[in-house]
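Reader: Hello! Please pick one part of this model for me, the empty space inside the protein and the residues around it, and look at it closely. I would also like to know how the surroundings fit in.

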Amino acid sequence: MLTPSGLQRLHEAILSWEIARNKGDRLTLQELSTQISISTKTLSRLWSLSKGVDQKTLKLCFSAFNLKLQEEDYTVSSGEDEGEIIEFFPKSSYQQKNHLTRLSNYEIEHRWPYPDGPVGLDSPLYIDRPPIEEIVYREITRPGCVIRIRSPRQMGKTSLVLRILAFAHQQGYRPVNVNCYQIDDTCLTDLNKLLRCLCWQIAQQLEIKPNLDDIWDEEVGYKLACSFYLQKYIFKQSSSPIVLVLSDVDRFFEYPHIAQEFFALLRSWCEEARQNYSWQKLRLVVVYSTEQYISLDINRSPFNIGLPIHLTEFTQSQVEDLARRYELNWSSGQESAQIMSLVGGHPALIQLTLFHLVSRKITLQDLIEEAIANGGIYRHHLWRHSLKLQSYPHLSKIYAELIKTKQCLVIDPVDAYQLESLGLICFDGDRILPRCKLYRVYFQKLLPTICLQSV
């Protein structure tokens with residue numbers, strides 16, 4: 001079985017191969033299978049770090065990407081089920097079907113992790129959305145770059161960030177990932193505390209002794225103290241570029257005064273990088289679900305500079321690709337069209353759907369009928385959206401009107417933007433529509449109650 005370090009070494013080699021030989025495009029599981037000449041199922045077992053293959057297969061995987069298998073790359077399993085796991089590519093669909101029927105219900109149900117978070121680096125379930133990955137990887141190599149990743153929640157931002165950080169590490173850069181929800185509320189009412197907290201996290205992740213008390217000079221102002229700390233202390237101790245990811249920065253919008261000052265500081269760093277070589281070491285990635293509910297001076301905002309990335313829904317071909325990775329044997333286009341008629345190409349809902357289908361606990365038809373009747377497997381997702389709408393009575397009323405009407409409804413651009421940021425609507429030309437059939441059916445029943453409660 002592969003060890004975590006072995007998997008990491010193999011992953012880095014694959015990533016280098018993709019950059020050098022495949023124009024930065026990620027290999028699909030099927031393309032990876034073809035490149036190595038073993039089946040997709042054997043690859044999936046290998047990525048799991050819990051299923052064994054024989055040493056010949058491991059050597060084949062490593063040699064396909066110019067690596068030599070080393071002792072620390074693998075551990076020896078008990079060998080009790082090795083006889084059935086080696087599946088060299090290609091295999092007939094009949095053989096694949098027979099292999100699946102040999103798996104116990106427990107193995108099938110626990111083959112894939114429950115999709116309640118980002119897709120791990122070692123998972124074959126990550127779906128590329130060309131040309132996004134290629135553009136982002138190219139941009140992160142540019143000195144002083146800024147990348148802004150915006151989309152509603154559960155669209156794959158964190159999964160993409162994991163791959164940006166892995167790419168940065170593979171390039172020899174120093175990655176730093178700061179989740180703004182890990183910052184205490186007390187720091188968000190005091191700019192000095194917030195900036196010291198940020199600098200402490202950066203130093204810790206770079207394994208640099210913070211020395212904040214010795215270096216921080218509050219007399220020059222908190223923002224200058226922070227900037228001098230990074231430039232004169234942190235940057236000088238790193239010979240490599242630093243990739244700083246700030247995730248969930250929209251949390252700061254709850255604190256307008258802090259947001260004004262903090263985002264103005266980020267903007268100043270971006271502008272400094274254009275003329276100051278030291279600041280070109282900083283590569284900034286800002287991740288958020290929605291833009292400002294506050295008014296930011298256009299000349300002090302970081303949300304109108306740098307490379308904007310907006311994550312879109314899966315296409316039908318991407319849904320079918322993911323279904324193949326879950327080892328679902330679908331007729332061409334039929335099942336994917338049924339799912340997308342219900343939830344569109346919403347990445348999290350598609351993952352959730354396929355997970356439940358592959359566990360064999362429910363058929364596609366039953367899943368759809370339950371979802372229409374009472375939310376089904378999507379109840380928690382829908383409940384979370386209903387709680388958000390209860391927090392915005394004005395938006396609840398607008399959304400109720402949008403769901404009822406079959407004609408084009410004119411909505412204030414700010415309201416439309418907020419509904420889109422919440423992930424509740426989509427745009428079809430100049431028409432504004434509920435995001436998917438599931439939302440329309442669910443909120444047709446629920447919103448009248450929510451609107452009455454808000455009166």
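Author: Happy to. A word on names first: helices (H or I, at least four residues) and strands (E, at least two) are DSSP runs, numbered from the N terminus. Please also keep in mind that this is a predicted model.

Let us start with the enclosed space. There are 4 cavities of 30 Å³ or more, and the part I have picked is the second largest cavity, which holds about 50 Å³ of space. Which residues line the second largest cavity? Gly144, Cys145 and Val146 are in its lining, together with Leu266, Trp269, Cys270 and Ala273, and the list is completed by Trp279, Leu282 and Leu284. Two elements, α12 (256–273) and β4 (282–288), each give at least two residues to this lining. The largest share, 4 residues, comes from α12. In chemical terms, 9 of the lining residues are nonpolar and 1 is polar, with no charged residue among them. The polar one is Gly144, because Gly is counted with the polar residues while Ala, Val, Leu, Trp and Cys count as nonpolar.

Since α12 gives so much to that lining, it makes sense to follow this helix further. Glu271 and Arg267 both lie in α12, 4 residues apart, which is about one turn of the helix. Their side chains meet in a salt bridge, with 2.9 Å from N to O. Are the two partners buried or exposed to some degree? Glu271 is partly exposed at a relative accessible area of 31%, whereas Arg267 counts as buried because its relative accessibility is 10%, under the 20% cut-off. His257 is also found in helix α12, and with a relative accessible area of 59% it is exposed. The C-alpha atom of His257 is separated by 9.5 Å from that of Asp190, although the two are 67 residues apart along the chain.

That bridge in α12 is one of 12 salt bridges in the structure. Another joins the side chains of Glu139 and Arg142, at 3.4 Å from N to O. Glu139 counts as buried at 17% relative accessibility, while Arg142 counts as partly exposed at 42%. A third bridge joins Asp73 to Arg9, with the closest N and O atoms 2.6 Å apart. This pair links distant parts of the chain: Asp73 sits in the loop between α4 (55–63) and α5 (93–102), and Arg9 in helix α1 (residues 4–21), 64 residues away in sequence. Why does Asp73 count as buried? It does so because its relative accessibility is 1%, well inside the limit of under 20%. Arg9, at 23%, is partly exposed.

For contrast with the enclosed cavity, here is the open kind of space. The largest pocket has a volume of about 1,100 Å³. Its lining has 43 residues, and those nearest the centre are Asp116, Gly117, Pro118, Gln154 and Ala348. The elements that contribute two or more residues to this pocket are α8 (157–170), β2 (174–179), α15 (347–358) and α17 (379–390). The pocket lining contains 21 nonpolar, 15 polar and 7 charged residues, whereas the lining of the second largest cavity has no charged ones.

Two more places bring together stretches that are separated in sequence. Gln35 is in helix α2 and is partly exposed, with a relative accessible area of 31%. From C-alpha to C-alpha, Gln35 is 7.1 Å from Ala64, which is 29 residues away in sequence. Ile38 lies in the loop between α2 (29–36) and α3 (40–48), and it counts as buried at 0% relative accessibility. Ile38 and Leu60 are 22 residues apart in sequence, with their C-alpha atoms 8.6 Å apart in space.

Lastly, the outside. Val220, Leu224 and Phe228 form a nonpolar patch on the surface, with about 240 Å² of accessible area together. Phe228 belongs to helix α11 (residues 222–234). Its relative accessible area is 40%, so Phe228 is partly exposed, and that value passes the over 30% that a patch residue needs.

Conventions. Residues are numbered from 1 along each chain as its sequence is written. This is a predicted model: local features need pLDDT of at least 70, side-chain atom pairs count only at pLDDT 80 or more; totals for chains, interfaces and linings use all residues. Side-chain values use heavy atoms; hydrogens and water are left out. On a 1 Å grid over the protein atoms alone, a cavity is a set of points where a 1.4 Å probe fits but cannot get out, and a pocket is an open set with protein on both sides within 12 Å along at least five of seven lines; lining residues have an atom within 4 Å of a point. Grid points are joined across faces, edges and corners, and a volume is the space filled by probe spheres set on the points. Patches are made of residues with over 30% relative accessible area and no salt bridge: like charges are joined within 9 Å, nonpolar side chains (Val, Leu, Ile, Met, Phe, Trp, Tyr) within 5 Å. Accessible areas come from the Shrake-Rupley method with a 1.4 Å probe; for residues, only the protein chains shown count as cover. A salt bridge is a side-chain nitrogen of Lys or Arg within 4 Å of a carboxyl oxygen of Asp or Glu. Buried means under 20% relative accessible area, exposed over 50%, partly exposed in between (1.4 Å probe, protein chains only).
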